[in-house]
Amino acid sequence: MRTIINVSNRLPVTFKNGAFTKSSGGLISAMDGLGSRVNLQWIGWPGGRIESASRQKSIATELRDTYHYIPVFLDETEIENYYDGFSNSSLWPLLHYLLPYSRNEERWYRSYHLVNQKFSRLVLEAIEKSPDHPLVWIHDYHLMLLPAMLREKIPDLRIGFFLHTPFPNFEIFRCHPNRQTLLEGLLGADQIGFHTFGYLNHFRHTLLGILGKASEMDRIDNKSHSTALGVYPIGINIDSFKREMQTGSYRRYLNQYQIAYQGKKVVLSVERLDYTKGILRRLDAIELYLKETPEPKNTIFIFICVPSRKSVWEYQTLIHKVEVKISQINGKYSTIMDIPILFMNQSVSFSELCALYSFADVALVTPLHDGMNLVAKEYLACQTQKSGVLILSELAGAAQELSHAIIVNPYDIHGVARSIREALSLAGTERKRMLAPMRTRVIKYNAVYWAESFLSQLAEKKDSDALKKMNTRISSVMERLVSAPGKQAWFLDYDGTISDLKQYPSDAAPDEEITTLFHSLSSLAHLDIYLISGRKKEDMEQWFSPFRFHLIAEHGYFIKKYNNADWEQMGTEGEMGWKQSVMDIFNPYALTTPGSSVEEKTTSVVWHYRRTDSEFGTWKAHQLLNELYSTLSNLPVEIRHGHKIVEVSSVLINKGLAMQRFLADNEYQYVLCAGDDETDENMFKVAADNIQSFKIGKGQTSARNQIASPKAFRHFLTETAKKMQEK
Ligand code: GDG
């Protein structure tokens with residue numbers, strides 16, 4: 001049975017008046033639903049302030065023994081700075097696009113960092129005690145720094161992160177003063193989950209905009225690991241609703257409502273009292289609806305607003321505004337027989353909630369922004385009697401899945417008022433037609449489905465398993481290289497092959513690991529190492545002259561034997577006469593695509609677009625390629641679309657031709673060549689029994705072997721060199 005360490009700001013229990021009460025909610029239900037299939041431990045804050053050390057100890061023991069929970073105790077300043085401050089007054093509004101509500105204090109961030117460290121210590125302790133290799137699943141915006149903190153301590157730990165809120169677009173997220181560290185914190189995870197594709201895409205654009213990191217739709221590669229990105233819309237605990245609706249208590253409430261609201265239509269709203277839920281705008285829409293509807297209106301609007309975050313100023317003013325607005329509307333539109341809005345600033349029991357969901361003719365769910373919104377799904381699940389109608393904000397994540405609802409823009413109060421009228425007048429057949437597919441979906445893709453799909457993806461050790469398979473084949477290549485008699489030539493590309501790809505080419509200078517590897521290769525007298533790159537000769541000379549390497553720059557146009565002082569040139573400048581016309585095509589693209597640049601090399605011209613908006617950059621690259629193909633067809637050039645570059649280079653020069661030249665001039669018994677991109681394919685095509693070729697990374701290739709990453713290839717070279725030295 002696998003151990004899951006689930007980490008969230010709050011534990012699923014609250015400690016109050018000397019006892020624990022179990023809370024409810026999507027996440028709790030989802031984890032409960034996994035049942036005995038996993039060994040679940042949960043780390044989080046039990047709520048409240050428990051300051052005495054002995055009290056903390058006894059509570060921790062009780063929580064551990066009864067529930068397998070590990071409490072994180074917060075003191076008064078941590079609650080003020082980490083929770084009320086950074087989490088709820090800085091991040092929460094920003095993640096919901098409400099920038100004017102987002103405030104920042106440096107002490108808030110300091111506390112956020114310290115509390116994330118506190119969580120990290122407890123997770124590490126739990127891992128140490130764990131009998132197996134646990135998966136760690138971290139939830140939500142309170143703990144964005146935690147993934148990187150854990151990764152630093154245990155590099156091969158499997159870490160998942162799920163964001164329950166929206167992820168806003170780049171223009172919003174960029175406004176946060178700690179944007180960079182927050183993103184770097186998240187990238188410590190192996191997998192990050194979002195409710196919708198839109199949030200995922202915003203995250204990718206933000207990574208590019210803030211960290212300059214390009215990503216794939218489903219993945220971003222970091223130095224030490226890759227982070228999978230995925231869409232996992234959370235569901236509800238369907239079984240708990242089904243069970244509750246079988247109880248006597250549920251039936252009693254339902255009966256009471258049927259008697260009390262006979263002849264009336266009920267429109268229901270349920271939420272935490274939060275400014276993101278759009279309560280004030282909704283009240284404006286209801287006022288408009290009441291104004292435009294003649295008597296008798298026969299409609300009651302029920303608001304269940306659960307008190308929330310009462311120590312935060314914005315929430316204190318919100319309750320005041322809501323109360324004033326409701327009392328104005330009720331004052332104006334009540335009759336002796338009718339009060340239009342019933343407002344409860346308290347929670348109701350689960351039985352009452354289910355009975356209300358089941359009884360209401362319409363659910364009015366109009367958040368200004370909402371990660372998912374479980375209330376919408378819960379309402380549909382309980383609609384077994386009436387075929388009720390869901391009015392749903394297009395800015396709730398749930399709208400992506402529940403397209404048969406009446407979808408509204410919550411800011412458009414006229415539109416919302418119209419949709420209330422439409423919902424109340426829909427015929428039964430139409431209501432049934434709308435409800436059925438949504439109910440099917442909510443029942444099928446429930447909370448357990450959500451947790452299982454996130455965790456099973458996280459548990460799949462795809463990368464490392466694939467690597468293991470490759471390693472078995474590669475170890476036999478290593479044996480052959482080690483045991484081969486006589487001289488060997490190794491042609492090694494540098495960027496993306498030996499060194500990881502960096503944001504800026506100048507960041508790729510050999511670090512300590514590469515320097516040690518290069519010294520050990522230099523010491524092997526029977527090896528001739530050719531570093532073969534698209535880089536300029538100046539770069540190569542600066543970085544690689546301390547080693548006993550031959551240098552081949554600009555794909556073979558310049559070469560420098562290690563015992564020669566000068567570079568030799570393999571062609572004439574005259575052969576490169578096409579460059580100016582290519583520059584003339586490239587330059588307008590550099591001008592009109594912010595963040596892109598043109599680089600002129602001796603044998604090629606390159607347009608770099610790694611720093612551009614990824615969508616716009618890719619679109620412009622395709623435009624440029626079309627133009628190049630149609631105008632350069634008669635020139636001796638090759639056009640290449642590489643990783644965030646478009647390159648036009650001379651056909652008279654390539655790495656394969658350069659390699660062949662050296663093979664013809666020397667007697668080598670065994671040859672190795674390695675590279676990561678299209679320019680290296682020319683080497684891989686030079687086939688012979690004694691040539692072992694390696695492609696680094698994914699993709700189609702003519703190479704005989706493929707290896708996952710520069711890191712894995714460095715490991716291969718280091719091990720091979722070690723064995724050769726021992727021989
Ligand atoms: C966050 C994200 C995302 C409410 N009133 C009562 C009551 N509730 C329960 C509901 C529902 C839950 O509270 C509210 O969940 P939501 O999803 O609507 O909203 P948030 O609390 O803001 O949750 C949100 C969610 O995380 C999950 O990822 O969907 O977007 O903001 O389950 O039933 N329960 C009872 N009485 C009440 O009066 N018993």
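This is a short walk through a predicted model of a protein chain with a ligand.

Start with the whole chain. The protein chain has 727 residues, and buried residues make up 55% of them. Its secondary structure comes to 25 helices and 28 strands. Measure out the C-alpha trace along its principal axes, and the protein chain spans about 105 × 65 × 45 Å.

Next, look inside. The largest nonpolar core holds 92 residues. Val-7, Phe-203 and Phe-301 have the most contacts inside this core. Helix α4, residues 106-129, gives the most to the core. That helix supplies 10 residues. The core also draws on two domains: domain 1 (2-231) and domain 2 (238-443) each give at least three residues.

Now turn to the ligand. In total, 21 residues surround the ligand. The closest are His-164, Val-348, Asp-370, Leu-374 and Glu-378. Sorted by class, the shell has 12 nonpolar residues, five polar ones and four charged ones.

Where does this shell come from? Two strands and two helices each supply at least two of its residues: β11 (265-272), β12 (299-306), α13 (350-359) and α14 (374-382). On the domain level, domain 1 (2-231) and domain 2 (238-443) each contribute at least three residues to the shell around the ligand.

Three of the ligand's polar contacts can be followed atom by atom. Begin at His-164. An N or O atom in the side chain of His-164 lies 2.6 Å from an oxygen atom of the ligand. Then go to Val-348. Here a polar backbone atom is 2.7 Å from a nitrogen atom of the ligand. Finish at Leu-374, where a polar backbone atom is 2.8 Å from an oxygen atom of the ligand. How much of the ligand does the protein bury? Taken alone, the ligand exposes 730 Å², and the protein buries 84% of that.

One last stop is Thr-299. This residue lies in strand β12, and β12 is one of the elements that supply at least two residues of the ligand shell. Is Thr-299 buried or exposed? The relative accessible area of Thr-299 is 4%, so the residue counts as buried, the cut-off being under 20%. The side chain of Thr-299 also has a polar partner. A polar atom of that side chain lies 2.9 Å from the backbone oxygen of Lys-297.

Note on methods:
Residues numbered from 1 in each chain as written. Predicted model: local features only at pLDDT ≥ 70, side-chain atom pairs only at ≥ 80, totals over all residues. Heavy atoms only, no water. Near = heavy atom within 4 Å. Polar contact = N/O pair within 3.5 Å; in protein donor to acceptor, adjacent residues only side chain to side chain. Areas by Shrake-Rupley, 256 points an atom, 1.4 Å probe, with all protein chains shown as cover. Helix = DSSP H or I, 4+ residues; strand = E, 2+ residues; numbered from the N terminus. Nonpolar A, V, L, I, M, F, W, Y, C, P; charged D, E, K, R; others polar. Domains from an automatic or database assignment. Core = buried A, V, L, I, M, F, W, Y, C linked by side-chain atoms within 4.5 Å. Buried < 20%, exposed > 50% of the residue type's maximum accessible area, 1.4 Å probe, protein only.
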